[in-house]
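User: I have a model open in my viewer and would like to understand the words used to describe it. Could you take me through the reasoning behind them?

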Amino acid sequence: MAYQIKSIRYQNSPRKILLQNINGPCPLLAAANALLLRGVITLSSECVRNGVASTDDVVNMLANRALIRSQQSSSTSSSLEKTDKEGDDGNDNDETNKPSNHEYHLNEVLSILPTLQHGMDVNPQFTSPQSIEYTHNLAAFDLLGVELVHGWVLDPQDLETCAVVEMKSYNELIELVIGGDERRREVVRLEGWKVEKEEELMRLLDSNKGSKEGNDETENDSIAQAETDEGVKEQTETDEGVEVISNDADSESSTLEQFSNTLSLDQQQAIEQEIADIGLKIEHASLQISRADVANAFLTSTSHQLTYHGLEQLHAYIGEDGVHVFFRNNHFGTITKHNGILYLLATDLGYANTPEIVWEKLDSIDGNTEYVNEYFEKPSPRAELAPAAGPTIDPALLLAQRSQAENDYQLAMAMSRGEASVPASSSQHASNNSDEEEGKLIEAAKEMSLRTYHGENDATVAVDVDNSTLPSTSSSAQNSQLDSDHQMALAFQRQEEQLNHESEQLARQLQALDQQEVQMQRQRQQRNDTNRRRQPNSSRPAEEAKAGCTIS
């Protein structure tokens, strides 16, 4: 991945920032821009010269920053420990492991930096702008000296939501919402089970009620029979043995009825207890569902991951001209505060050639904002609608061209200082010189043909071929060769500029000729149209005369 470089001014100092050509999460870019604005890191001269930086360039720049801060922190902690333990004669065997642990931590953090170009997992809490669950990725930010903040903060006046959210993080709220969906399915199953148990209890109660009514009818029949036979005392006295048998049968049936009633009562109590337990489970699940609904409503209403209370907290937390990394909508940006107003750095590649757009106000949660320039002032409207100052080239293409451009730059610098390298082998030097002379002759022939095409009388071109370019072992010959090459390069450069100018003039002349030809064609077409319109009118009298003639 490649990042185009844009030049701005921040706090009356020139600064370079990195632009992003793909709209996506890039904490690496946000952290680098925050440090570039502070002026604590700088891009390499090669990157600035070519206007593009690769991911490796950015990672190496941040790694150097992490190493410097790590060394400073290590030296500070060592001096403090030495001061604290001054005069102690204790065993210092544990101190031997600290440098290795520190080095391991540093290497682990440095290994995280390349992965930040693809984004990172952030688990914010909703109590303050800096409340974020600590991870290895945040350790990298700490080592770089950059703080990550957000504006997804819950208003404490919303008591119902606060009672549910409390100190939970984003991931915990998601788990609560998912658990609410599971409890909702569980409630449906428990309610169906409760209905089945209630139907079973009703059937048992109906069965007990029927048996009780049957026993009452039998008892009424025996009473009526006793009243009918009340006067027959003799038979009762003589049949005493039969009466005893009848009483024994009645006592046995009464015992069976009592056991059946006891069993039915136990079943009834067990079913009722099951129904009560199911009701408690439904009540508990319903409470979890209501809490999940509250959490889901909060996440849905603040899906833009910014609240007005969060804006207030950001204003209070970020100091004047402080620079932080801002997290919102799974995107990482660079935030600052100037004159009490929050601004986000505009890093979209579309603003590469628009110097009047540098910052974006962060004063609303609905995206209704405005852009300002590098001085945090609203830019004046342009007098006319004109294209940008230059084309927006894909940073990947700039990066691909950077190696060749850098080689050309180094060669030009060496030639300007007269330090162009000369091969050690004279035969190789002669071969290179012959190739150069052949190229010069070809270029001269091209120029002569172009001059002939333009109609110039003098179609001759002077070609400066220095015999001193032949192999020589003396240093003076080499120096003269370098001077002649430098002069020839400058002459060829001037000739190329002249040819480009003449080609442009020729193109303009051809374009003018084309326009004249088009104009002439339009005029001829208009004349033809006029003649066609006049031709029917001129032939009409002849036709009338012909029609009026009488042939005798």
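Analyst: Happy to! Let's begin with pairing: two strands pair if DSSP finds at least two bridges between them. Please keep in mind that this is a predicted model. In it, L148 stands opposite V325 in strand 5, and the place of L148 is in strand 4.

User: What makes strand 4 and strand 5 a pair?

Analyst: The bridge count does. Three bridges link strand 4 to strand 5, in the parallel sense. The cut-off is at least two bridges, so they qualify as paired.

User: Why is the pairing in the sheet 4-5-6-7-8-9 called mixed?

Analyst: This open sheet has six strands in that order, with mixed pairing. You can find both senses in it: strand 4 and strand 5 are parallel, whereas strand 5 (residues 323-328) and strand 6 run antiparallel, joined by six bridges. Strand 6 is also antiparallel to strand 7 (residues 341-345), with four bridges between them. If you would like landmarks, H324 has I335 as its bridge partner in strand 6, and K337 is matched with L342 in strand 7.

User: How do you know which strands are the edge strands of the six-strand sheet?

Analyst: By looking at the sides on which they pair. In the order 4-5-6-7-8-9, strand 4 (148-150) and strand 9 (371-372) each pair on one side only, and that is what marks them as edge strands.

User: What lies between the strands in the hairpin of strand 5 and strand 6?

Analyst: Two residues separate strand 5 from strand 6, and N329 in the turn has a positive phi of about 55°. The hairpin of strand 6 and strand 7 has two residues between its strands as well, and there N339 takes a positive phi near 55°.

User: Why is strand 6 called mostly covered?

Analyst: Strand 6 spans residues 331-338, and seven of its eight residues are buried. Here buried means a relative accessible area under 20%. Helix 1 (residues 27-38) lies across strand 5, strand 6, strand 7 and strand 8 (359-361), running at about 25° to strand 6.

User: Why is L148 called buried?

Analyst: The relative accessible area of L148 is 6%. The cut-off for buried is under 20%, so L148 meets it. Among the residues that L148 touches, not counting those up to four places away in sequence, are M120, V122, P129, V325, F327 and F332. The C-alpha atoms of L148 and P129 are 8.5 Å apart, although 19 residues separate the two along the chain.

User: And N137, why is that residue called buried?

Analyst: N137 sits in helix 5, and its relative accessible area is 17%. That value is under 20%, so N137 counts as buried too. Beyond its neighbours within four places in sequence, N137 is in contact with I112, L116, M120 and D121.

User: What makes a nonpolar core, and which residues have the most contacts inside the largest one?

Analyst: Members must be buried residues of the listed nonpolar types, joined through side-chain atoms within 4.5 Å. The largest such core has 55 residues, and L18, V58, L62, L148 and W359 have the most contacts inside it. Elements giving two or more residues to this core include strand 1, strand 2, helix 3 (55-84), helix 4 (98-112) and helix 5 (136-144). Helix 1 gives the most, with nine residues. There is also a second, separate core of twelve residues, F126, V165, F298 and L299 among them.

User: Why do strand 2 and strand 3 count as edges in the sheet 2-1-3?

Analyst: That sheet is open and antiparallel, with three strands. Strand 2 (13-18) and strand 3 (52-54) each have a single partner strand, so one side of each lacks a neighbour in the sheet. From one strand to the next, the twist averages 40°. Six bridges pair strand 1 (residues 2-10) with strand 2 in the antiparallel sense, and the partner of R9 in strand 2 is P14. Helix 1 packs on this sheet, touching strand 1 and strand 2, and its direction makes about 175° with that of strand 2.

User: How much of the chain is buried?

Analyst: Of the 552 residues in the chain, 31% are buried. The secondary structure comes to 13 helices and nine strands.

How values were computed. Residues are numbered from 1 along each chain as its sequence is written. This is a predicted model: local features need pLDDT of at least 70, side-chain atom pairs count only at pLDDT 80 or more; totals for chains, interfaces and linings use all residues. Side-chain values use heavy atoms; hydrogens and water are left out. Buried means under 20% relative accessible area, exposed over 50%, partly exposed in between (1.4 Å probe, protein chains only). Contact means heavy atoms within 4.5 Å. Axes are lines fitted to C-alpha atoms, for helices over the stretch in contact, and angles run from 0 to 180 degrees between N-to-C directions.
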